[in-house]
Amino acid sequence: MARGMHVVAMDCEMVGLGPFKESGLARCSLVDYHGNVLYDKYIRPEGEITDYRTPVSGITAQNMEEATPFAVARLEILQLLKGKLVVGHDLKHDFKALKENMRNYAIYDTVADKLLWREAGVLYCRRVSLRLLSQRLLGRRIQDSVLGHNSVEDARATMELYRISRRIRGL
């Protein structure tokens, strides 16, 4: 497990595109080991937005007015991820929205860390939400707003959980 400058936490918010409401990237936030924001932009996905998913994503039509085009944002994000351990929760969805193969990256995913789950007392669960892990291990409620998720808050939470995981492992 890496530390410091070699670690970045990522969280993305998606909207629904086209008639089948396939996920398209609408916001991406990256934070460093200490929770400082490295990147936080609204992103105009490729395709027609048919569902903003505002109650979950927090994304509105107004956010898209000045949003960075997907192709530009994708390059910016991938440049920041290059050579780093990428921390997050259920990252497969974020990488899919980025149209990037996550096998090309070193990954720490809170959704797969059973030692973290044990520390949180949730080993009996089949799936564990970031919200529950944050409540149990950070003593903080996240994803609680009627305005939807905040990707900076979620990225910071996953980085804090990563640091807890390192402590559990004595690293």
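This is a short walk through the structure, one selection at a time. Keep in mind that you are looking at a predicted model.

**Stop 1: helix 7**

Select residues 151–168, which make up helix 7. Its 18 residues should span 26 Å at 1.5 Å a residue, and the end C-alpha atoms are indeed 26 Å apart, so expectation and model agree. Now look at the start of the helix. Asn150 caps the N-terminal end, with a side-chain oxygen 2.9 Å from the backbone nitrogen of Val152. At the other end, helix 7 is followed by Gly170, which has a positive phi, near 70°.

Next, color the buried residues of this helix. Among them are Val152, Ala155, Met159, Leu161 and Ile164. Polar and charged names turn up on that list too, including Asp154, Thr158 and Arg166.

**Stop 2: helix 6 against helix 7**

Keep helix 7 on screen and add residues 130–138, which are helix 6. The two helices pack with their axes 10 Å apart, at an angle of about 55°. An angle of that kind falls outside the parallel, antiparallel and perpendicular ranges, so helix 6 and helix 7 count as oblique to each other. As for handedness, helix 6 passes helix 7 in a left-handed crossing.

**Stop 3: salt bridges**

How many salt bridges does the structure hold? There are 8. Side chains of opposite charge can pair when their charged atoms come close. Here are some to click on.

- Show Arg27 and Asp40: their side chains meet in a salt bridge, 2.9 Å from N to O. The pair links distant parts of the chain, with Arg27 in strand 2 (residues 22–31) and Asp40 in strand 3 (residues 37–44), 13 residues apart. Arg27 is buried, at a relative accessible area of 11%, whereas Asp40 is partly exposed at 33%.
- Move to Glu100 and Arg74, whose closest N and O atoms are 2.8 Å apart in another salt bridge. This pair also links distant parts of the chain: Glu100 sits in the loop between helix 4 (91–98) and strand 7 (106–109), Arg74 in helix 3 (residues 70–81), and they are 26 residues apart. With a relative accessible area of 18%, Glu100 is buried; Arg74 has 22% and counts as partly exposed.
- Now pick Lys92 and Asp90, which form a salt bridge at 4.0 Å, N to O. Add Arg127 to the selection, since salt bridges with shared partners join Asp90, Lys92 and Arg127 into one network. Asp90 is buried at 9% relative accessible area, while Lys92 is partly exposed at 48%.

**Stop 4: from Lys92 to Leu116**

Leave Lys92 displayed and select Leu116, a residue of helix 5 (residues 114–120). Is Leu116 buried or exposed? Leu116 is buried, with a relative accessible area of 0%. Draw a distance from C-alpha to C-alpha and you should get 19 Å between Leu116 and Lys92, which are 24 residues apart in sequence.

**Stop 5: two positive phi values**

Most residues other than glycine have a negative phi. Lys21 goes the other way, with a positive phi of about 55°. Find Lys21 in the loop between strand 1 (7–17) and strand 2, where this residue is partly exposed at 40% relative accessible area.

Finish at Arg53, which is not a glycine either but has a positive phi of about 55°. Look for Arg53 in the loop between strand 4 (49–51) and helix 1 (54–57). Its relative accessibility is 23%, which counts as partly exposed.

Technical notes: Residues are numbered from 1 along each chain as its sequence is written. This is a predicted model: local features need pLDDT of at least 70, side-chain atom pairs count only at pLDDT 80 or more; totals for chains, interfaces and linings use all residues. Side-chain values use heavy atoms; hydrogens and water are left out. Helices (H or I, at least four residues) and strands (E, at least two) are DSSP runs, numbered from the N terminus. The expected span of a helix is 1.5 Å times one less than its number of residues. Buried means under 20% relative accessible area, exposed over 50%, partly exposed in between (1.4 Å probe, protein chains only). A polar contact is a pair of N or O atoms within 3.5 Å; within protein, one must be able to donate a hydrogen and the other to accept it, and residues adjacent in sequence count only if both atoms are side-chain atoms. Axes are lines fitted to C-alpha atoms, for helices over the stretch in contact, and angles run from 0 to 180 degrees between N-to-C directions. Angles under 35 degrees count as roughly parallel, over 145 as roughly antiparallel, 65 to 115 as roughly perpendicular and the rest as oblique. A crossing is left-handed if the near helix is turned anticlockwise from the far one by less than a right angle, and right-handed if clockwise.
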